[in-house]
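Thanks for coming. I will take one protein chain today and go from a single residue outwards, then back to a few others. Please have the picture open while I talk.

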Amino acid sequence: MSSFFSKEVDYALQLVSALRNASKEHPVSLKEFSKHSGISFFFLQRIAKKLKTAGVVDSQKGPNGGYRLKKDFEVLRVEDILSAVQGETSIVPCVHGDHLCLFAKECGEKKSFHKLDAELAQFFSEKRVAEYF
């Protein structure tokens with residue numbers, strides 16, 4: 001069975017959940033979180049960098065450094081995590097962008113895929129991470 005979310009999204013959601021109680025005075029160390037969660041430290045570094053670039057988390061360096069949320073956990077949307085980690089996503093490649101599909105002329109389902117994709121995007125934009133974690 002394949003997963004709807006990638007491991008990267010799964011781990012990003014776990015990390016964000018762990019950061020909910022972090023503060024400037026008490027940030028979460030990725031090394032400590034890695035030990036506790038069993039997630040590769042190097043994979044977490046890559047995820048944290050994407051989350052930081054997207055403005056979801058902030059970091060501080062030094063012996064007492066680590067990560068904390070830049071946004072309030074209660075308002076953080078699932079879409080914020082998805083777009084930070086995966087970028088723009090869709091259920092099939094032809095829904096967004098200029099993806100060339102060999103079956104575009106014969107495809108009678110593109111409109112259905114667009115509708116489903118729009119409904120999923122709306123769902124993830126309305127759902128808060130705090131509802132699930």
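Start with Val16. Leaving out residues up to four places away in sequence, Val16 touches Leu51, Val56, Leu69, Phe73, Leu76, Ile81 and Val129. Keep in mind throughout that this is a predicted model.

Val16 is part of something bigger. The largest nonpolar core has 30 residues, and Val16 is among those with the most contacts inside it, along with Leu51, Val56, Ile81 and Val129. Where do the residues of this core come from? At least two each are supplied by H1, by helix H2 (30–37), by helix H3 (41–53), by strand E2 (66–69) and by helix H4 (78–86). The largest share is that of H1, with six residues. As general background, nonpolar side chains in soluble globular proteins tend to be buried together.

Now step back to the chain. The chain has five helices and two strands. In what order do they come along the sequence? The pattern is α-α-α-β-β-α-α. On the screen, the C-alpha atoms fill a box of roughly 60 × 25 × 25 Å along the principal axes.

There are 133 residues in the chain, and 32% of them count as buried. The accessible surface is about 9000 Å², with 53% of it belonging to carbon and sulfur atoms. Take the contacts with a separation of 6 or more: 63% of them are between residues 24 or more positions apart. As for charge, there are 20 positive and 17 negative charges, and their mean positions lie 7 Å apart.

Back to helix H1, for three polar residues.

The first on my list is Glu8, which has its place in H1. Is Glu8 buried or exposed? Its relative accessibility is 13%, so Glu8 counts as buried, the cut-off being under 20%. Its side chain is joined to that of Lys50 by a polar contact of 2.9 Å. Neighbours within four places aside, Glu8 is in contact with Phe43, Arg46, Ile47, Lys50 and Val85. So Lys50 turns up in both lists, the polar contact and the general contacts.

Next is Gln14, also found in H1. Gln14 has a relative accessibility of 29% and therefore counts as partly exposed. The side chains of Gln14 and Asp10 share a polar contact of 2.8 Å. Beyond four places in sequence, Gln14 is in contact with Phe33 and Ile39. For a sense of distance, take Gln14 and Lys110: they are 96 residues apart in sequence, and 34 Å apart in space from C-alpha to C-alpha.

Then there is Ser17, in H1, which covers residues 7–18. What is the relative accessible area of Ser17? The value is 12%, so Ser17 is buried. Which side chain does the side chain of Ser17 meet in a polar contact? That of Arg20, at 2.5 Å. Not counting residues up to four places away, Ser17 touches Phe73 and Phe133. Phe73 has come up before, since it is also on the list for Val16.

To recap: H1 gives the core its largest share, six residues. On that helix, Glu8 is buried, Ser17 is buried, and Gln14 is partly exposed. Next time you open the model, find Val16 and follow its contacts, including Leu51 and Val129.

Conventions:
Residues are numbered from 1 along each chain as its sequence is written. This is a predicted model: local features need pLDDT of at least 70, side-chain atom pairs count only at pLDDT 80 or more; totals for chains, interfaces and linings use all residues. Side-chain values use heavy atoms; hydrogens and water are left out. Helices (H or I, at least four residues) and strands (E, at least two) are DSSP runs, numbered from the N terminus. Buried means under 20% relative accessible area, exposed over 50%, partly exposed in between (1.4 Å probe, protein chains only). A polar contact is a pair of N or O atoms within 3.5 Å; within protein, one must be able to donate a hydrogen and the other to accept it, and residues adjacent in sequence count only if both atoms are side-chain atoms. Contact means heavy atoms within 4.5 Å. Accessible areas come from the Shrake-Rupley method with a 1.4 Å probe; for residues, only the protein chains shown count as cover. Lys and Arg count as positive and Asp and Glu as negative; His and the chain ends are not counted. The place of a charge is taken as NZ of Lys, CZ of Arg, CG of Asp or CD of Glu. A nonpolar core is a set of buried Ala, Val, Leu, Ile, Met, Phe, Trp, Tyr and Cys residues joined through side-chain atoms within 4.5 Å.
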